[in-house]
Amino acid sequence: MKAVQLRAPVVGPDSVAHQARLLQWWEAEGGLKGFFGSVDHKVIGIRYIVTAFVFLMLGGLEALVMRLQLAGPDRSLLTPQQYDQLFSTHGMTMIFLYASPVLSGFSNYLWPLMLGSRDMAFPRLNALGYWIYLASGIFLYTGFLTGNGPNDGWFNYVPYASRPYNPGLNEDFYSLGMVFLGIATTVGAANFIVTAFRTRAPGMSLDRLPILAWGTLTASFANLVVVPAVSLAFLMLWLDRQFGTQFFNTAGGGAPLLWQHLFWIFGHPWVYAIVLPAMGMVSDGLPVFCRRPLVGYSLVAISTVATMILGFGVWVHHMFATGLPGLGMSFFSAASIAITLPSAVAVFAWLATIRFGKPVITTAFLFFSSMILLFVIGGVSGFMTASVPVDWQLTDTYFVVAHLHYVLIGINVFPVVGAIYFWFPKMRGRMLDERLGRWNFWVMFIGFNLAFLPMHLTGLLGMPRRIYSYGPEMGWTTLNLITSLGSFVFASGVLLLLVNVIRSWSKGQPAGANPWDAPTLEWSVSSPPPVYNFAVIPTVASRHPLWEGRLSSPTCSSLQEGPLLDEGRESLGTSAVEASPDMILEVPQDSCAPAVLAAGVAGTFSGLILKSEPLVIVSAVVLGLALLWWLWPRRQLREREPA
Amino acid sequence: MSGSTPLGYLDAAGARAAAILPLTWFMLIVSIAVCVIIGAVLVRGLRGAQANGGAAETRSVGVSEGPSGIAWIRRGLVLSGIPLLIALVWTMVTLAAVSGPPPRPALTLDVTGHQWWWEVRYNGAQPQDTFTTANEIHIPVGVRVLVRLHGGDVIHSFWVPKLSGKTDMIPGQINLGWLEAAAAGRYLGQCSEYCGPQHAHMMLDVIAQAPQDFERWRALQLKPAIPPTTPAAVRGAALVEYRCGSCHQIRGTLAAATGAPDLSHLASRRSLGAGLLPNTPGTLAAWIDNAHNLKPDCLMPNQQLTGADLSDVLEYLELQR
């Protein structure tokens, strides 16, 4: 967005004529151009969510096949190599192609609506982020479907990932695909940060930000810092594999441990990046059903940031068995134990919110509140692995597998499904079915715990990760059978969600603007919201603009009267901390440049994997032209400094 | 509970593993207690829902500020802080106790991880006291044995749960670990860093013996190959030198390569294929004939010997006790 010529925005009341005028500017184009050119954050957000769910289903199917293989001892449904590609692709899919993008989707959809803006700060960059994500996902899956999926686990340790031990295309697909995907994460993070600091509604100072925004903002800062580390690591791996560089090769003076440092200095903050926004969903959603504000808002917001800061100093706990010096490890051990404290703040804040509230039990509430327990289970097992000597036994056994699934499913999938029940009415204008919702919740909850709670014991009984087969004498047979049964129950729960969404898409009860009587700005507009989000830019005077009058907080938010901004596709830029009005922002028109640019990038990466120079050159030209087209100076977007 | 599982680590048979156990149990019990308490608080909190008469409509229940509830966060932090602090101090104490290698080990081993087997080298004072074996470590009971860990190709991890936690075997660096068994017995080890398709079948036996038994074993291992006596064994020996000798070693014969497990005294070992099969003439024949059938993707080529050749080879190898 660019600042346009200086003028004070006209402040006035909402009216039908005004809305019609806005629609002229904002009306989306139809057809192919509209499809590929849309920069509407709501469209992009839903695309992210749907795509991420497709990957969730794929990753889930991979898991089910693995659970069939492990359901009993010495089974031979899969060859070792098939099993290796399945568990690696499952990890890659769930961690990179589902867990983070689905949260980006929700934040994309919700942020401008929660913050009182008409779009993200950089709508075209937003579109680019989605197209790159989609293209890199297809790229990675092309590898898998042609038998060239990653086969060294999601953290891909060298030297096994190096060419002498892994001569196929598998690791080339994975390393290039991860560099590719890193572009999407990076542009998305930059966009979120600027959006958070520059486009909030007047009056929405930082201490009035919904916790979801705190979570995504914190995660975005982390991503901006750590994604370069992993992109670099994968680029170095690819160079080692294709150009004979020696970054990781001992014989050439390289060091295998360098990979682990580069990967985990990214990997651990990433774990927080894919749970903090989801914790934010719970912090925002749970109080609505407890009919009171969140207990300890400021402490929860601060602990979100504190978790991330500590999270930068714990990566070595993935490397306790690598023979690092004990003194160094003890610092990382202490940091990993201390990081429990900010998490405890959130847990007790949620518990107190329920205890001192008047909970209304809905499906969304069940998902949000059960997450507290799953979060604690995943947290305490993490606390155990934080202790170096204890971790020497726990690490790389199924105890860790159980731990990470409680973290990723408990703290990501459960809140996300809760968020679907909570925000689907906003997105679609129809309610999801509550009765089916209860079934959905209980089947998922029981299935999940049946699958993963006994898995802790499987780990304590010594079952190592990533083995394709085990003997009957090892004592893991019954536990594995239970886990396999549980995984199928869990999967049917996810299926029920799908059924509910499909049924309610056209047959659900009409939702109205605010079906839950929730307090934040997204509920002040119709469901689904108009393409311009807010006919007048709201002015916010409290954390709960829609509960004003019922709480002791100030009651002067203005939702029906405010800056009209109807002389173009415009939104309001505000100052970073206080959110006082600063400038009028011009929101760019729909454009296919991001999609074409993404296609150019995809072509370039495909050329690199195929070692086809013509394809690389042609794609690079397309990429360059798309950039030119995108960035070509236009008079109506001429930027002027504010006075 | 876990005593019956070969890789379970909730029971220990040696000093290094035993030192960790009390801390593990403490953390496990604290963890379970925390889950139970939080679960109980959560369920109790949900009882508030009944006060609403189980309202299904959110809107029908009024919004109110309610008590601040901050005290819960304060109390929660204090209550969680105490076990965390105990765990932290305990961790540091335990770490100091188990991490350092023994200062003057009675025995030093070099163990190297390969795809998918273990090379074990016993270092003697003199070259003639040094020998190499595979997939089987013998140690005397009650003695701290220093284990120097090497990565032969990719990263592996050395883990004998009843005796010691994991230490990785990384190419280009030497990590130190130690083992001490409290009682005679057989303790199973397993590679615990993913290292390729046969990571699952990369097991190891640690056999703790009374000192005199250990010395007897060592003396036996130091002997060169037992010469063939029957015509079949003579033919077998020639085949082994010619065929197996391009990768394997049998000390005292022309088979002297080091790329694959040392086969000296092979018949004295308990298992084949790194813990995959018990070592019997039948399984050995099946292994030589078609190792890939038993351990897909392993680096041992199928030998495709004639029946007569195979039985000659077996006769010779079975001599090597």
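**Exercise 1.** Decide how A:K611 should be classed, buried or exposed.

*Solution.* Count the neighbours. A:K611 has 10 C-beta neighbours inside 10 Å, so A:K611 counts as exposed. The cut-offs are these: a residue is buried if 20 or more other C-beta atoms lie within 10 Å of its own, exposed if 12 or fewer, and partly exposed in between, with C-beta atoms placed from the backbone. Now place the residue. A:K611 sits in the loop between α18 (593-610) and α19 (613-631) of chain A. Helices (H or I, at least four residues) and strands (E, at least two) are DSSP runs, numbered from the N terminus. Last, look at the backbone. The phi of A:K611 is near 50 degrees, a positive value in a residue other than glycine.

This is a predicted model: local features need pLDDT of at least 70, side-chain atom pairs count only at pLDDT 80 or more, and totals for chains, interfaces and linings use all residues. Residues are numbered from 1 along each chain as its sequence is written, while chains are lettered from A and ligands numbered from 1 in the order in which they are written.

**Exercise 2.** Find what the predictor's scores are for the model and for chain B.

*Solution.* Start with the whole model. The scores are ipTM 0.96 and pTM 0.96. Then take chain B. Its average pLDDT (the predictor's confidence in each residue, from 0 to 100) is 93, and 98% of its residues score at least 70. Keep one caution in mind. Where pLDDT is low, the predicted coordinates should not be read in detail.

**Exercise 3.** Work out why chain A is called as compact as a globular protein of its length.

*Solution.* List the elements. Chain A has 19 helices and 5 strands. Compare two numbers. Its radius of gyration is 25 Å, and the globule rule gives 26 Å for 643 residues; the values are close, so chain A is as compact as a globular protein of that length. The radius is taken over C-alpha atoms, and the rule is 2.2 Å times the number of residues to the power 0.38. Add the extent. The C-alpha trace spans about 75 × 60 × 50 Å along its principal axes. Then check burial. Of the 643 residues, 63% count as buried.

**Exercise 4.** Describe where A:G254 lies and which residues it touches.

*Solution.* A:G254 is in the loop between α7 (211-243) and α8 (256-273) of chain A. It has 21 C-beta neighbours inside 10 Å, so it counts as buried. Leave out residues up to four places away in sequence. A:G254 then touches A:Q246, A:F247, A:F248 and A:N249. Contact here needs C-beta atoms, placed from the backbone, within 7 Å.

**Exercise 5.** Trace the order of the strands in the open sheet of chain B.

*Solution.* The sheet has 5 strands in the order β3-β2-β1-β5-β8, with mixed pairing. Its edge strands are β3 (131-134) and β8 (175-179), each paired on one side only. Two strands pair if DSSP finds at least two bridges between them. Now follow β5(B), residues 145-151. With β8(B), β5(B) pairs in the antiparallel sense over 5 bridges. B:V147 stands opposite B:G177 in β8(B). With β1 (107-114) of chain B, β5(B) runs parallel and is joined by 7 bridges. B:T112 has B:H150 in β5(B) as its bridge partner. Finish with burial. In β5(B), 5 of 7 residues are buried.

**Exercise 6.** State how the two domains of chain B are placed and how they meet.

*Solution.* Read the bounds first. The assignment (automatic or from a database) gives domain 1 (107-222) and domain 2 (231-319). Their centres, over C-alpha atoms, are 22 Å apart. Next, the contact. It joins 18 residues of domain 1 to 16 residues of domain 2. On the domain 1 side, β2 (117-122), β3, β10 (203-209) and α4 (211-222) of chain B each give two or more residues.

**Exercise 7.** Name the element of chain B that gives the most to the side touching chain A.

*Solution.* Take the totals. The contact uses 80 residues from chain B and 83 residues from chain A. List the elements of chain B that supply at least two residues each: α1 (15-46), α2 (48-51), α3 (70-99) and β7 (164-169). Pick the top one. α3(B) gives the most, with 16 residues.
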